[in-house]
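Biologist: I have a model on screen and want to learn how to read it. Can you take me through a sheet and then a single side chain?

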Amino acid sequence: MQRPVNGFSKLSKQQKIEWIAKECTQDPEKTKKLLEKYWNADTDLQKTHDEFIENTLSNFYLPYAVAPNFLINEQLLAIPMTIEESSVVAAASKAAKFWLTKGGFKTEVLGTEKIGQVHFMYHGQKNKLVNLIDALQPKFMADTAAITKNMNKRGGGISAINLRDKTDQLEGYYQLHCTFETLDAMGANFINSCLEQFATTLENAVAIHPEFANDKPEVVMSILSNYVPNCVVRASVSCPITNTKSENSVSRTFAEKMYQAVTIAKTEPFRAVTHNKGIMNGIDAVVLATGNDFRAIEAGVHAYAAKDGKYSSLTHCTIENNEFKFWIDVPLALGTVGGLTSLHPLVKLSLEILQQPSAKELMQIIAVAGLAQNFAALRSLVTTGIQKGHMKMHLLNILNTLGANDREKEQLVALFKEQTVSNAAVTEALENLRR
Ligand code: MEV
């Protein structure tokens, strides 16, 4: 039985480890050794990691990989990916190679608008509120001038502060629906600071305004929205459809199968969720490798996938005039400055590998990673099936779980080049080898 603990955050790292090892694990010595094994020998680096979050005990590793050969708007890029799932990086690399001979990926940023809201309740006359918010516009800007100064200098800032009447959905509910341009920053802190100031400005104004003496707007909360339907990027591929097999085209049968697969994902939410999960394999891996917030991206992307009232595919496909076209529109609020970007050494390396992209360029790269991943998954699904390739990539995980040594791994990887991989088949083959 675990006991409650007071002041845990005040304990030293060593004391926290002692506590968790003793209170929550069977073998405290083993736990302590394990946590220490994952520390970095470089104490400065370890301190940097310790200070990212609270109550840090150790590090939790994820593999860091790269998928080369992405031709994006005529520029070749290797894309860094952080993910634990086998076969994702291989699939991305395969899709990059496939499109390399067919003109590569084309991308276009459709918008970069970020959103934040001050949510408040008000039960008085609407026209009084409309007039007040109109009158307060210059004051909202003036009161946030210290926050927006640098962003404005670089060409970003607050783009609009609109009053939205939501009373048809919830009695008395209004918002300041605010839009921002945050350039290369993801902008969460900037947006939230502006919003909290708008809320204070509003509260101060009504506190002394005689017209609101009996029905003051009451602020509930101020926070950015991770739903960014106007911060969207498009990545696409296209190529001719021919009857003869060639490097720069696809066959009609293949194009039609791909079209059907996308159409099914557009029609059927159960399929759309898995289809989009495959897209997120690519997107999240690059989002993580570049130090961005994958929870924010996930939340926003799935909301966007349901924007027409039904959860649907993020990718689209057409077959017109003997041309196969496949593309994704995806909302991505990203940053290449601020946050972890200047703190995490591997994030810095990722940005260097990507040639120091602006946030807009990173949006395009990450959309490509999502599109490539979806293309690779659908290509397997409509041809060989997913398991053949996936299990081949998963073979090492199975062998490691079974405790195979290097020599056994080498022999069994060779053997399974010609055979179907399954847990049972690998277990049996290892047993045979050891006999
Ligand atoms: C597995 O991580 C992702 C897939 O299920 C995606 C898909 O079905 O399109 C293979």
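Modeller: We start with the sheet, then turn to one serine. Keep in mind that this is a predicted model.

Biologist: In what order do the 4 strands of the open sheet come?

Modeller: Read across the sheet, not along the chain. The order is β5-β6-β4-β7, with antiparallel pairing. At the edges are β5 (157-165) and β7 (218-225), each paired on one side only. From one strand to the next, the twist averages 15°.

Biologist: How many bridges join β5 to β6?

Modeller: There are 8, and the two strands run antiparallel. Strand β6 covers residues 173-181. To find the register, take one pair: Gly157 has Glu181 in β6 as its bridge partner.

Biologist: Which strands does helix α5 touch?

Modeller: Look for contacts first, then the angle. Helix α5 (residues 126-143) packs on the sheet and touches β4 (114-121), β5 and β6. Its direction makes about 170° with that of β5.

Biologist: Now the side chain. Where is Ser93?

Modeller: Ser93 sits in helix α4, which spans residues 88-100.

Biologist: Is Ser93 buried or exposed?

Modeller: Compare the accessibility with the cut-off. Buried means under 20% relative accessible area. Ser93 has 19%, so it counts as buried.

Biologist: What lies 2.8 Å from a polar atom of the Ser93 side chain?

Modeller: The backbone oxygen of Val89.

Biologist: And which residues does Ser93 contact beyond its neighbours within four places in sequence?

Modeller: Set those neighbours aside, and Ser93 is in contact with Ala67 and Pro68.

Methods: Residues numbered from 1 in each chain as written. Predicted model: local features only at pLDDT ≥ 70, side-chain atom pairs only at ≥ 80, totals over all residues. Heavy atoms only, no water. Pairing = 2+ DSSP bridges. Axes fitted to C-alpha atoms, helices over the stretch in contact; angles between N-to-C directions. Contact = heavy atoms within 4.5 Å. Buried < 20%, exposed > 50% of the residue type's maximum accessible area, 1.4 Å probe, protein only. Polar contact = N/O pair within 3.5 Å; in protein donor to acceptor, adjacent residues only side chain to side chain.
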